[in-house]
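Here's a walk through one protein model, from a few odd backbone spots to its hollows. Have the sequence and the 3D view open as you read.

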Amino acid sequence: MQLTRTLETILSTGAHGAPVVLVTGARQVGKSTLLHRASGGNRQVVTLDDPNLLQLARQNPAQFLREWQPPLTIDEFQYAPELLPHLKMAVDRDGTAGQYWLSGSQQFHLMRHVSESLAGRVAIFPLLGLSVRERLGQGQGATPFLPGRSVAPPPLGAPADATALYELIWRGSFPALCARPELDWDRFYASYVQTYLQRDLRDLARVGDEMAFLRFLRAVASRTAQLLNLANLARDADVAPNTAKAWLSILETSGLVTLLPPWHSSATSRLVKAPKLHMLDTGLCAWLGGWSSPQTLQQGALAGAILESWAVGEVLRSWWHAGRSVQLYHVRDKDGRELDLVVHRDGTLYPMEVKRSATPLVADLRGLAALAKGAQPLGHACLLCLVRAPLALGPEATAVPVGWV
């Protein structure tokens, strides 16, 4: 089953207007498939997983680009940053939009090289796993989620209750698992983690003890939707704090976790300034945590935290997959009042809270008080929860089914 990605239209129409397009993301989120479908099969495609092509790209990048003419897609581009100065010369000679499409994992290293060499010449699109709308075949034309008085219609087939929702959360967002229900969940994630340990870590860092890193991964998964405390994380993973910091950076680089920064300003000195950790694929998070079924996950200790991480991921997808950037934060003050997510847009803060409840209350948004003294104006607030339909909680707050994002 082929699932349409929201980014597909942006890429296929050339709406970005840039001569180079770069799609980044974790392994198996669908970067190559997206570029192939968006091209309509009308581009040459090379992958630097091929050792012969990789050798040519590294040792003689000018010859590589003479042999492979645009329109050209280069997959696994991060393996040959030597191509970048030659791509720059090529697009400076001919600035036609969409000459080169690139895909790559390991975002930090790739982005650093690209920003140095192709500034002003490249459109960069981060890609995560499938959003709800994409996995239901309704990704085309999906718009970014922003709290407001009017709520976009739900996707047809959106999870109708908590049981259906936790089935989606447990399954995860990798396209292979979403498109092929017959794939064994446990075997898929076991293979994914093993491949990650053997391939990406080889390129990103020298990890001598793979079992220690796996232990670290499990410790991270158990802390999804929690404030980051590196000392505690290192202690529970039985590694040194500087090792934990380096390995967490690797997880960010690989596109497996995000650290949601805290919102703070000079007028809100009582706000906690620690970032909040979220795993971006909840299926992987559940596998690492040993939750063997949607039912045990829904009833277990991680149920609320993994729902929050899933909601954060869905909001991110709604923006990134529409080709838009977004500034996301969390808020927590020293009195424990918090907001799980804040969108900063056009000088306005849009607060969001995630609750595993089907009976929302105005009190669920008490974290708004943590922003009350700030200089930024507040937009409409949103409570993402298990209600069946949108429900007004006041003139400036709405409860929205979390599966509608």
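Let's start with proline 71, which sits in the loop between helix 4 and strand 3 (72-75). The peptide bond from proline 70 to proline 71 is cis, with omega near 0 degrees. Helices and strands here are DSSP runs numbered from the N terminus, with H or I over at least four residues for a helix and E over at least two for a strand.

A word on the ground rules: this is a predicted model, so local features need pLDDT of at least 70 and side-chain atom pairs count only at pLDDT 80 or more, while totals for chains, interfaces and linings use all residues. Residues are numbered from 1 along each chain as its sequence is written, and side-chain values use heavy atoms, with hydrogens and water left out.

**Backbone oddities**

Most residues other than glycine have a negative phi, and most peptide bonds are trans. Besides the cis bond before proline 71, two residues deserve a look for their phi. Alanine 225 has a positive phi of about 70 degrees despite not being a glycine, and its spot is the loop between helix 11 (210-222) and strand 6 (226-227). Aspartate 238, also not a glycine, has a positive phi near 60 degrees; you'll find aspartate 238 in the loop between helix 12 (230-237) and helix 13 (241-253).

Are these two buried or exposed? Buried means under 20% relative accessible area, exposed means over 50%, and partly exposed is in between (1.4 Å probe, protein chains only). Alanine 225 has a relative accessible area of 11%, so it counts as buried. Aspartate 238 comes out at 60%, so it is exposed.

**Helix 3 and its two sides**

Helix 3 covers residues 51-59, and its buried residues are Leu53, Leu54 and Ala57. Looking down the axis of helix 3, these buried residues fall within an arc of 100 degrees, so they line one face of the helix. That arc is taken from the directions from the helix axis to the C-beta atoms. An α-helix has 3.6 residues a turn, so residues three or four places apart point the same way.

Among what covers the buried residues of helix 3 are strand 2 (44-47) and helix 4 (61-67). On the other side of helix 3, Pro51, Asn52 and Gln59 are exposed. At the start of this helix, a side-chain oxygen of aspartate 50 comes within 2.9 Å of the backbone nitrogen of asparagine 52.

**Histidine 321 and serine 32**

Histidine 321 belongs to the loop between helix 16 (303-320) and strand 9 (327-332). Its relative accessibility is 1%, so histidine 321 counts as buried. Which side chain does histidine 321 join in a polar contact? It's glutamate 134, at 3.1 Å. (A polar contact is a pair of N or O atoms within 3.5 Å; within protein, one must be able to donate a hydrogen and the other to accept it, and residues adjacent in sequence count only if both atoms are side-chain atoms.) Not counting residues up to four places away in sequence, histidine 321 also touches others, including Arg5, Leu7 and Pro126; contact means heavy atoms within 4.5 Å.

Serine 32 lies in helix 2 and, at 35% relative accessibility, counts as partly exposed. Leaving aside neighbours within four places in sequence, serine 32 is in contact with Asp75 and Ser103.

**Hollows**

On a 1 Å grid over the protein atoms alone, a cavity is a set of points where a 1.4 Å probe fits but cannot get out; a pocket is an open set with protein on both sides within 12 Å along at least five of seven lines, and lining residues have an atom within 4 Å of a point. Grid points are joined across faces, edges and corners, and a volume is the space filled by probe spheres set on the points.

The structure holds 5 cavities of 30 Å³ or more. Here are two of them, plus a pocket.

| Hollow | Volume | Lining by class |
|---|---|---|
| Second largest pocket | about 420 Å³ | 8 nonpolar, 6 polar, 9 charged residues |
| Largest cavity | about 110 Å³ | 6 nonpolar, 6 polar, 3 charged residues |
| Second largest cavity | about 80 Å³ | 7 nonpolar, 3 polar, 2 charged residues |

For these classes, Ala, Val, Leu, Ile, Met, Phe, Trp, Tyr, Cys and Pro are nonpolar, Asp, Glu, Lys and Arg are charged, and the others, Gly among them, are polar.

In the second largest pocket, helix 2 gives the most to the lining, with 5 residues. In the largest cavity, helix 16 has the largest share of the lining, 3 residues.
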